Structure formats: structure tokens, C-alpha cells
Amino acid sequence: MTVDAEHAERIMQELYRMLPSVNELLLTERIARLTQAHPRDAVVSATRRALEAIRSEIAQGEHSHKMLAIRLADLPAGIEAELGSPFRFSLRPVINATGVILHTNLGRAPLGTRAIEHLVEVAGGYSNLEFDLDSGDRGKRDVHVERLILSLLAAQTGNHHIAETHRAIIVNNCAAATFLTLHALAKGKEVLVSRGELVEIGGGFRIPEILLASGALLKEIGTTNRTRLVDYEKAISPETALILRVHHSNFSMEGFVERPSLRDLAELGHRSSVPIFEDQGTGLLHPLETCGIPAEPTFYASCTLGCDVIAASGDKLLGGPQCGILVGRKQYVNQIRKNALFRTFRVDKLTYAALEGTLAAYLAGSADEIPVVRLLSLPADEIRRRCEQVAGAIDSRRISAEVVPVEGIIGGGTAPRARLNSSAIALRDENLDAAALLRALRKQDPPIIARIEEDRVLLDLRTVDPESDSYLARALGSLPVYPHPEAND
Ligand SMILES: *Cc1c(COP(=O)(O)O)cnc(C)c1O
């Protein structure tokens, strides 16, 4: 062990020794009092859970002696609060003050009003999910959004025959859509993929592994940085079932790089009778140029450029519920639909309702009803004005707040180079360091999720509903009183 590692190990042991035992805590006056109002077992297990949480914080290196002392002083209040709410949902709304619009950990896209209203309308009763109201016979759940998707594509591509040539189906997410397409169209046959596109999308979704699991055979094309059309051309054989194109959604390559355009690749596919499947990912329907983000390809551009099957996420830039949208030429989509695994990726009526509501807003020309579209186009000076208002309204002697310019990211593995000009409230607390303040904000109800930069906690209001601005100011003005750290030294 190095000297540094020994030192860190010794500190960690000291921190663990600062922890009281469950029994010691139960004997303190405050916790003992709780056993009069609550079953003893409940108090014991809440105490145990609270100590476990602190142990894991220590293990993750989150504590210094000072910090731990503050945390321990707060422990009885935490246990009491937990016991005080006999039942609390595990899944709860939070205030996203990170500025990251598509935050996968915070549930990606918030839904728009049309989607929510339709969801509520459908959720509480019965619906014609798989029932044809004209014939009175069994129907297919696909129909509820297929028509809308194809109408949108017809309007945006100018191809008004698209409903005759194409179909659209919905599965659980884009990962499932990609897997299912490979499985249904290429099992036991070759799929051509550029080495520059053998990527990990996030959450363990790796293109080579998905391909392997689907039963398709990966045929690598070109090199990591350069793949040319002729590389694909030379690799096509009677064994080739598909050409897979993966959108570089969560990374960018610069320098000595090259790959054929989607149009050229699609032309090659058509000349050689090999279908092109694009894992498009973002589902973008509303171009981002108006938000100052150039060259992020739209979902319908993939269609215009001649892709035969396209897979996209419902809850990224499209701004709808989690789902995977598959659009493509009838012959291929029918084949995917017939595959036995299609049934295992089937989505619920709630997803159809939310997606139908979202697509209806686009079709009505009201894309700015979609929260993701609205948040992307919020002007920076409006965010700054709100930050100044909230900062000015914080009534606290210990918190100092300053409004600073920041650059936000879209998140969710989309447009990694795009930067959104925004503003944030930078907070310092006289009593707590930035990590402890961040934790105190998470303890609020609803919890406030923020980030740390240069030892300050930043609240980027781009992703905060203006109706929550006054709550933020109030919560910051009334943070629980912690003992001053110096008092524990
Ligand atoms: C995000 C993404 C996926 C995964 O989408 P999920 O809906 O989260 O399963 C797949 N491919 C690309 C290109 C993506 O950007």
C-alpha cells in the first residue's frame, strides 16, 4: 500500500469509528421519544437504514471529519422525518435545476399537456386499445399512432404516398427497436457496420453486443476514423442481410474522419438490394437551428434520404414517453411485426396515449407545447432574469447567491457538442460546503437536484418550471439549521 492509500484507509477507519451503534442511538433522548409514537421495530429499522446510508457515503469518500459530524447531528431529524411519513411514494417528482433537458436519471422528457390529458383520459377506464369500433372486431394497437406518424412524415417530407409504402410500429424503447429489427431481418446473416459506429450508446447498450444477442453476424467495415462507400460495396455478398447505420448521438469525431453520407449509403443499398437500417436515436421532429444548434439530423430526413427502416427513441428530442419508434417500408416492418419477439416488447395503453398526445401537438403545428422543444428554445436573457429574481428573493443570512452565465448541455446522449447559453444561481452556504449543500437540497420536498462547479452549487433555471421559482427561493431561505462545522472541531 502506498503512503497515500494508507492515509486514506486510516481516515476512513476513523470516520467509521465516529458512527454510533444502533443501540446507542436508541438510547438517545430524541430517538427514545420516537418509540413512544411508533412501533419499536419501525424505529430500529429506520435507524439502521439511516446508519447504512451514512456508511455507504463514507465508503464512497463523501465525508471528512467535519462533514460527518454535521451529517450525524442531522441524523435524528432524518429518522424522525422518515417515520413521520407512514407511506411515501418511492417515485417522486423532483425539481431539475441541473439545466440538462434530457436527464436520463431524472426521467428524460417531461410530457406536454396534450399528452398528459390524453393519458389521464385513457388511464382510468376502458379504451379501444385493441378493438375496432367500426367492425366491432378485434383491432390492433399499432393503429393509434401509426396514422399520426405517417401523416407527420408525409407533411414534413412532402411525400404524400408514404402511407401506402411505409408502416410504423411502437416497442418499449429504441434499444428494443434496434434489437428486434436485427433479429427479425438479419438473424444468421451478415450486417455491415462501420468500425466508427461500433459504439456504446449508454446504459450498457453496445452495438456489437446487441448484434450478437440478436443472432445477426457482425461484419466490420472500414476503420474507426474513416469508412468509405467502396468499403461497404466490396463487403456486400449474398450473405448480407442489412447495412446498419448508427447515428453518432452521444459523441463526436473530429480530424481525419470520413464516412459516406446517408444518401450515398442508401443508394448503394438500393442498387445492391440490401436494406439500410438506421439507428437514428434522437427522434428529432422539430429542427434545432432555431435554438442555435446546427446540423442535428431530423427523423424525417432519414426517411427522405432513403433509409428502409429507422429506429428512434420516444423520450429524447421528440419529447414524448419512453418508447421505441420503428418506421420503414411495409415489407420490412411487416416482417418485424410478425416476429415472435415483437409481442415481448409490446407497450401499454398509457404509452400509446402519451405518444398520441405528443404527436398530435406536432401535427397541429404546436411543437412549442412540447416541454423539450420549449426548454431548448428558452432565451438566455429570460433565464437570467428569473435567476436574478430568485437570487434576490432568498431570505437567508447564511446563503450567498450570485447569478452567473453557464453553458448547458441537452443530455440524454444527444447533440454532444451543442451548448445552450444559460444562467445559473451560484450558491455558497456559510455553514456547509458545496457537497453538503447539494445534499441538503436533495432533502427538500420536492427534492431540488443541482450540480457543483468550482465549489459552488449551481441552479440552472432552464429546466425549472417558472411556477417553482418561488418554491426555490423559499426552500433556500429556510434550510434546516446545522451546527456550524467549526463547533465540531
Ligand atoms: C439513445 C439511443 C439509443 C437507445 O435509446 P433508448 O430509447 O434509451 O433505448 C439507441 N440508439 C441511439 C443512436 C441512441 O441515441
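# Close-up views of a predicted model

**View 1. Helices α10 and α15 cross at roughly 100°.** The axes of the two helices come within 9 Å. That crossing makes α10 roughly perpendicular to α15. On the α10 side, the contact is made by Leu180, Thr181, Ala184 and Leu185. Tyr332, Gln335 and Ile336 meet them from α15. The model shown here and in the other views is predicted.

**View 2. Phe179 and Phe345 form an aromatic pair.** A search of the whole structure finds one such pair. Its geometry is edge-to-face, with 80° between the planes. The ring centres are 6.1 Å apart. Both Phe179 and Phe345 are buried. Phe179 belongs to helix α10 (residues 174–186), and Phe345 to the loop between α15 (330–338) and α16 (349–363), so the pair ties together parts that lie 166 residues apart in sequence.

**View 3. Arg226 lies over the face of Phe256.** The distance to the ring centre is 3.8 Å.

**View 4. Helices α3 and α4 pack at an angle of about 140°.** Helix α3 covers residues 29–37, and helix α4 covers residues 40–59. Their axes are 8 Å apart. The angle makes α3 oblique to α4. Ile31, Leu34 and Thr35 represent α3 in the contact. Arg40, Val43 and Thr47 are their partners in α4.

**View 5. The largest nonpolar core holds 47 residues.** Leu376, Ile410 and Leu459 touch the most other members. Several elements give two or more residues each: helices α5 (65–73), α17 (371–376), α18 (380–393), α19 (434–442) and α20 (469–477), and strands β12 (420–429) and β15 (456–460). The largest share, six residues, comes from α19. A second, separate core has 42 residues. Ala154, Ile243, Ile276 and Cys303 are among its members. In soluble globular proteins, nonpolar side chains tend to be buried together.

**View 6. Leu459 is one of the core residues that touch the most other members.** Neighbours within four places in sequence are left aside in this view. Leu459 is then in contact with Ala97, Cys387, Ser423, Ala424, Ile425 and Leu427. Its other contacts are Leu441, Ile448, Ala450 and Leu476.

**View 7. Ala450 is buried in the loop between β13 and β14.** Its relative accessible area is 11%, under the 20% limit for a buried residue. Residues up to four places away in sequence are not counted among its contacts here. Ala450 touches Ala97 and Thr98. It also touches Leu438 and Leu441. Val457, Leu458 and Leu459 complete the set. The C-alpha atoms of Ala450 and Leu432 are separated by 15 Å, and the two residues are 18 apart along the chain.

**View 8. Helix α5 carries a run of buried residues.** Met67, Leu68, Ala69, Ile70, Arg71 and Leu72 are buried. The buried residues of α5 pack against four helices: α1 (3–18), α4, α6 (75–84) and α19. Helix α5 also gives two or more residues to the largest nonpolar core.

**View 9. A cis peptide bond joins Asp445 and Pro446.** Omega is about 0°. Pro446 is found in the loop between α19 and β13 (448–449).

**View 10. Glu454 and Asp455 have positive phi values.** Neither residue is a glycine. Phi is near 50° at Glu454 and about 65° at Asp455. Glu454 lies in the loop between β14 (451–453) and β15. Asp455 lies in the loop between β14 and β15 as well. Which of the two words, buried or exposed, fits Glu454? Glu454 is exposed, with a relative accessible area of 69%. Asp455 is exposed too, at 59%.

**View 11. The whole protein has 20 helices and 15 strands.** Its C-alpha trace spans about 80 × 60 × 50 Å along the principal axes. Of its 489 residues, 48% count as buried. Consider the contacts between residues at least 6 apart in sequence: 75% of them join residues at least 24 apart.

Notes: Residues are numbered from 1 along each chain as its sequence is written. This is a predicted model: local features need pLDDT of at least 70, side-chain atom pairs count only at pLDDT 80 or more; totals for chains, interfaces and linings use all residues. Side-chain values use heavy atoms; hydrogens and water are left out. A nonpolar core is a set of buried Ala, Val, Leu, Ile, Met, Phe, Trp, Tyr and Cys residues joined through side-chain atoms within 4.5 Å. Buried means under 20% relative accessible area, exposed over 50%, partly exposed in between (1.4 Å probe, protein chains only). Contact means heavy atoms within 4.5 Å. Rings of Phe, Tyr and Trp (its six-membered ring) pair if their centres lie within 6.5 Å; planes under 30 degrees apart count as stacked, over 60 as edge-to-face and the rest as tilted. A charge sits over a ring if NZ of Lys or CZ of Arg is within 6 Å of the ring centre and within 35 degrees of the ring normal. Axes are lines fitted to C-alpha atoms, for helices over the stretch in contact, and angles run from 0 to 180 degrees between N-to-C directions. Angles under 35 degrees count as roughly parallel, over 145 as roughly antiparallel, 65 to 115 as roughly perpendicular and the rest as oblique.
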